[in-house]
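Please consider the structure shown below together with its sequence. The paragraphs after it are intended for a reader who has not met it before.

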Amino acid sequence: MAKNPEYYESLNIDYKPPRGNWMDRPVDIKSGIYCYPARPVVLENVGMNDRSDWGKYWVIEDEDWELPDDWKERFLNKMRDMLDKYRTFKIYMDICVRCGACADKCHYFLGSGDPMNMPVLRAELLRSIYRGEFTKTGKILGRFAGARKLTKNALKQLWYYMFQCSECRRCSVFCPYGIDTAEITIMGREIMNELGMNIAWVQESVSKCIHTGNHLGLQPQAYKECIDAMLWDIEDNVGITFEPTFNRKGAEILFVTPSGDVFADPGIFTLAGYLMLFEHLGLDYTWSTYASEGGDFGYFTANEMAKRMNGKIYNEAKRLGVKWILGGECGHMWRVLNQYMTTWHGPIDFLEEPVSPITGTKFENAKAHKMVHIMEFVADLIKHNKLKLDPSRNDHLKVTYHDSCNPSRGLGLFEEPRYVIKNVCNHFYEMPENTIREQTYCCGSGSGLNASENMELRLRGGFPRQNALRYVADKYGVNMLACICAIDRAALPPAAQYWNPDVGVTGVCELVANALIMEGEGERTHNIRGFEIATWEPEP
Amino acid sequence: MGVKVSLGVSLGAVLAIVVVALVGGEVSALQPVFGILVPYAAFAIFLVGFIYRVVDWGRSPVPYRIPTTCGQQKTLPWIKQNKIECPSSTLGVIGRMILEVFAFRSLFRHTKAEMASGNIVYGGSKWIWLGALAFHYSFLIIAVRHLRLFLEPVPFLINGIDLVDGMFQIGAPTLYLTDLLLIGAVSYLLVRRLIVPKMRYISLANDYFPLFLILGIGISGVLMRFFIRVDIVGVKELAMGLATLHPVMPEGIGAIFFVHVALVSTLFAYFPFSKLMHAGGVFLSPGRNLANTNRAKMHVNPWEYPVKIHSYEDYENEFREKMKEAGIPVERE
């Protein structure tokens, strides 16, 4: 086992804030931390908050952010509207006592030491404006009541730090009032969205999703080709040939997964896992090229946009006449599915209560929503002995499991993936308890922050997770990090390359596929990545 | 505005109240103002303000059911659900709220993260939980004990609390444990804000002010009991008068009493306009008081509105030829 990289030991992040008052901090926007703003042209075909009515491109380094003349009015009107619409927002603006319990819970704070990344101060950036513009005490007492006016500098700071929050909700676990900083970030971003202040990585994904159905912009034939390519790999490595269906009417189940699984390494091997599993079961299911994105990038801009993105899934299920929907491994996708989807589009009377065609299990916890999580589905299969598994094929792996933030704190999915992993792997080790389950850390790149230009932020934010990973790598020789989120599969590898260069990243369904004994399979000397199992050493 | 200004202003404000009450309490013509008018006004502000704030929150919609789930969801029958941390029933939610409100469950989770030779080290840290618990419970018991001034005959329960609270019978009159606890806990909360750098950085004048105020209330109360005695019979007469809405102002209670009353009145009047409203807000916080049942039972948003979703038809119109070529079924040839 390699020793810690040198920079690891020398890492000495100072958690002591500077002297003085944070309200007097100058706006200091650092490259490597912020994401590029969205170009107005990207959103022309989306028709929402696209700066088209004042039509100015926006450069972070410039003093002037090219805001419309009535920017203050737009901001405050939107904020008032949201305060009226969301009890969460109103209460969370009102009741924080600044007890400090959240202060050292944020991965961005722990990785950067920037005091404004303490969740309490991230929220105070907006809360101070709330007090100064909306409350009488704030208007009268000003800074003595922690209030300030909305100024351009305040807005810039707000933007900078609202895009340094990955909406992971770890801080909300520790808050004595359940104040959810993710909710505050969501509100803050939606308000700033009114001024066209969103980032390219998010907005371009939104734009692509609208038209092609997925954030990669894969047109239907390209989407199918990606899956076909994976089928050839399966043929090579497993010795089985089959053809799944696309946009097929009358299928029993519609399968929806984040499009990252279709395209990016190592997500494509999770995709191989789905394909092999469903083939093995003889599942009557279909892929959709129209509802080809489970992830909801609209969720990182505004509630309405999130609903527009998400609506395609039910639309497609209705059009195809399926009975219910199965959802793949994804993080914020499942937060949105669980906590928003039925409210947005319900009641869902055109689908049936989900029943596993293999085991007959009724998924009663999903009877209104009609969508089942792949981990619930697989755990049920294993429990009923419906899968022939050879976990020894994963014996070269020492696996730990990264609870993805959203399925953890926005759904409560903890045991299902663990049950699955323990049945397909012989070597499983937990990371320290402060870093898993409801206390799990973000990969460092959630909520639309996995762009390239903010790599320093991502590596810093990823540090607490990677530090816990290093602990089990050193102690148990862990060499594989399993997760159930497509953003994790995109974001954990670069973070691991930096912090844990000898640990690989995998989706849980990839582990399942490797252990799965399929009828008619050839000799399984190679795993589904195409490496010889006997000699393979994973890398990020 | 640095820490010194925040501290100075909040301490100064509390001291100003003390001075005004001391001076006013000495002038017999002003005594009804400080003994009757101010307490009544403060209590009215508290009552109306508190109710207004809670009703205002209560009337605002809860569009989405978004509790933070801190335990295993209800799922397959053989997987054990955590019914408290991830409730799926009203009973579970009540359990979660009871633990939160009465035992400060979330604060109990508190750990301290520190950097040690390139690693994050987590230490258990229950001091804030203990301090908060000691503060809130001693405050509650002291408030309940004070009811003996407003009630005649004094209910058995209040006498019982009195007895237990003073069970060590240190000194005469008996020293109450809660008096010590309250002053100790408030001092801890104050010192913590001052010496922990992170706390100092996030603290505002309106965090220091209520602490000084409550410290002042505690100190003036203890002073009155042990050092600068007041006419307790007169105090009871005044309190009974206030409670029965037939206020009388007895002579010669002693100025320190007016200091105590003025500080308590300030606390009451300040309450609805401040962070102290967390006392009401904690019950309404959607992060905790909702069940995680979205997939089993539809939650209705009162202001939900239809949105424009890019339709399949438009999608197919854009890509029909390519779809046909790739062998993907289409609606219209």
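What follows moves from the domains of one chain to its sheet and helices, then to the second chain, and ends with some backbone details.

The model is a predicted one. In chain A, the domain assignment distinguishes domain 1, covering 17-30 + 50-197, from domain 2, covering 205-535. A distance of 33 Å separates the C-alpha centres of domain 1 and domain 2 of chain A. Where these two domains of chain A meet, 16 residues of domain 1 are in contact with 22 residues of domain 2. On the domain 1 side of this contact, α4 (107-112), α8 (170-174) and α9 (181-193) of chain A each supply at least two residues. The largest share of that side is five residues, and it comes from α4(A). Sorted by class, the side of domain 1 of chain A that touches domain 2 has five nonpolar, six polar and five charged residues.

Chain A also contains an open sheet. Four strands of chain A make up this sheet in the order β2-β1-β3-β4, and their pairing is parallel. At the edges stand β2 (285-286) and β4 of chain A, each of which pairs on one side only. Strand β1 (residues 253-256) of chain A runs parallel to β2(A), and two bridges join them. Within this pair, A:Leu254 has A:Thr286 in β2(A) as its bridge partner. Helices accompany the sheet. Helix α14 (residues 303-320) of chain A lies across β1, β2 and β3 (324-327) of chain A and runs at about 150° to β1(A). Helix α16 (residues 374-383) of chain A also packs on the sheet, where it touches β3 and β4 of chain A. The direction of α16(A) makes about 70° with that of β4(A).

A pair of helices in chain A can be examined next. Helix α19 (residues 455-476) of chain A packs against helix α20 (residues 486-499) of chain A at an angle of about 70°, and their axes are 9 Å apart. The helices α19(A) and α20(A) are therefore roughly perpendicular to each other. On the α19(A) side, the residues of the contact are A:Arg458, A:Leu459, A:Gly462, A:Phe463, A:Gln466 and A:Arg470. They meet A:Ala491, A:Ala495, A:Ala496, A:Tyr498 and A:Trp499 in α20(A). The residues of this contact between α19(A) and α20(A) divide into seven nonpolar, two polar and two charged.

The two chains meet as well. In the contact between them, 84 residues of chain B touch 100 residues of chain A. Elements of chain B that each supply at least two residues to its side are α4 (105-108), β1 (111-116), β2 (119-124), α8 (197-202), α9 (205-227), α12 (278-284) and α13 (312-325). Of the side of chain B that touches chain A, α13(B) gives the most, with seven residues. By class, that side of chain B has 44 nonpolar, 25 polar and 15 charged residues.

Two of the elements just named, β1(B) and β2(B), pair in the antiparallel sense over six bridges. Together β1(B) and β2(B) form a hairpin with two residues between them. Beside the turn, B:Ala116 stands opposite B:Asn119 in β2(B). In the turn itself, B:Ser117 has a positive phi of about 35°, although this residue is not a glycine. B:Ser117 is exposed, because 11 other C-beta atoms lie within 10 Å.

A positive phi is also found in chain A. A:Lys370, which is not a glycine, has a positive phi of about 70°. A:Lys370 is placed in the loop between α15 (332-345) and β4 (371-373) of chain A. Is this residue buried or exposed? A:Lys370 counts as buried, because it has 25 C-beta neighbours inside 10 Å.

Cis peptide bonds complete the account of the backbone. In chain A, such a bond joins A:Asp265 and A:Pro266, with omega about 5°. A:Pro266 lies in the loop between α12 (260-263) and α13 (267-281) of chain A. In chain B, the peptide bond from B:Glu152 to B:Pro153 is cis, and its omega is near 0°. B:Pro153 lies in the loop between α5 (127-150) and α6 (156-165) of chain B.

Conventions. Residues numbered from 1 in each chain as written. Chains lettered and ligands numbered in written order. Predicted model: local features only at pLDDT ≥ 70, side-chain atom pairs only at ≥ 80, totals over all residues. Axes fitted to C-alpha atoms, helices over the stretch in contact; angles between N-to-C directions. Parallel < 35°, antiparallel > 145°, perpendicular 65-115°, else oblique. Contact = placed C-beta atoms within 7 Å. Nonpolar A, V, L, I, M, F, W, Y, C, P; charged D, E, K, R; others polar. Domains from an automatic or database assignment. Buried ≥ 20, exposed ≤ 12 C-beta atoms within 10 Å, placed from the backbone. Pairing = 2+ DSSP bridges.
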